[in-house]
Amino acid sequence: MSGLLDELYRLQERIRFVQSRGRERDTVPAELTEVDTAFREKVEAVQRLKQRLLEAEVEHRRASAELADHQEKQKKYQAQLRNVQSSREYSAVLNEMDGVEKQIRTAEDKVLTLEEEMETSRADLKKREESLPRETQEHEEKMKDWRAAQRAINEELKSAQAEIADLESRVRPRELAEFHRLLEKKGGVAVARVVSSSCSACHVKVRPAAMQSLKTGNEIIYCDSCRRILYYDPHNP
Ligand SMILES: [Zn+2]
């Protein structure tokens with residue numbers, strides 16, 4: 001039993017270690033946050049520009065097609081105008097012409113605006129893409145020490161994870177499942193050490209009878225108060 005509890009306690013310690021070191025690895029240190037944010041913004045700006053250009057190209061194709069439709073209609077009305085039979089028919093066709101001319105002007109404006117936007121965006125994108133490799137290199141240079149620290153953490157995590165797998169393979173599936181359930185429910189502490197006859201998680205005194213069972217170590221004892229598994233280490237009471 002004490003073997004099992006030693007293993008569960010070590011397992012919990014390793015799981016917590018992996019979680020906190022993993023967070024450290026994924027958190028850019030304060031002194032680098034600004035540098036990192038500025039660089040990310042540059043990369044994102046390039047992505048946004050590319051995306052916007054694609055959209056503008058689609059809008060441009062659509063607006064050009066609309067313009068061509070309106071111009072087609074305009075030609076049709078011009079032909080009709082040459083063949084009108086009455087003044088009433090003449091003013092009706094003229095009316096249609098007015099309408100289509102307005103549509104043509106609107107469509108032309110739209111096409112022009114999009115073309116200007118695309119031209120500006122392309123120039124901006126070109127400039128940004130040209131300087132990005134150098135900026136990336138400079139950025140990585142600034143991040144060099146941090147990247148090395150991240151790699152070192154990854155090594156630590158790898159060996160901790162191997163130990164976790166090994167410990168888990170030695171615990172029976174039912175006990176392991178119960179342990180994980182508690183770990184989840186109890187904020188990452190499923191197994192609480194008993195220190196000076198108290199549960200170290202909730203600080204409630206452990207009953208003398210339970211203390212006795214813990215010392216003989218032949219069953220799993222839960223804390224009366226917080227329901228965590230109690231762990232008594234005779235070398236560290
Ligand atoms: Zn407790």
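This section describes the zinc site, a buried lysine beside it and selected salt bridges in a predicted model. Residues are numbered from 1 along each chain as its sequence is written, and side-chain values use heavy atoms, with hydrogens and water left out. Local features need pLDDT of at least 70 and side-chain atom pairs count only at pLDDT 80 or more, whereas totals for chains, interfaces and linings use all residues.

The zinc ion has four protein donors: the SG atoms of Cys 199, Cys 202, Cys 223 and Cys 226, lying 2.3 Å from the ion. Donors are N, O and S atoms within 2.8 Å of the metal (3.2 Å for Na, K and Ca); water is not among the atoms, so sites may look incomplete. The donor angles span 101 to 117 degrees, so the arrangement is tetrahedral. Four donors count as tetrahedral if all angles lie between 85 and 135 degrees. Along the chain the donors follow the spacing C-x2-C-x20-C-x2-C. Cys 199 lies in strand S2 (residues 198-199), and Cys 226 in the loop between helix H6 (208-216) and strand S3 (229-231). The two are 27 residues apart, and the pair links distant parts of the chain. Helices (H or I, at least four residues) and strands (E, at least two) are DSSP runs, numbered from the N terminus. Both Cys 199 and Cys 226 are buried. Buried means under 20% relative accessible area, exposed over 50%, and partly exposed in between (1.4 Å probe, protein chains only).

Lys 186 touches Cys 226, Arg 227 and Arg 228, not counting residues up to four places away in sequence. Contact means heavy atoms within 4.5 Å. Lys 186 sits in the loop between helix H5 (173-185) and strand S1 (191-195). Lys 186 is buried but has no salt bridge. Its nearest side chain of opposite charge is Glu 178, 9.4 Å away. Lys and Arg count as positive and Asp and Glu as negative; His and the chain ends are not counted.

The structure holds 24 salt bridges, each a side-chain nitrogen of Lys or Arg within 4 Å of a carboxyl oxygen of Asp or Glu. One joins Asp 166 and Arg 170 at 2.7 Å, N to O. These residues are four apart in helix H4 (residues 144-170), about one helical turn. Both are partly exposed, Asp 166 at 38% and Arg 170 at 47%. Elsewhere, salt bridges that share partners join Arg 10, Glu 13, Arg 14 and Glu 163 into one network. Within it, Glu 13 and Arg 14 pair at 3.1 Å between the closest N and O atoms.

Notes. Four donors count as tetrahedral if all angles lie between 85 and 135 degrees; four count as square planar and six as octahedral if opposite donors are over 155 degrees apart and all others between 65 and 115; anything else is irregular.
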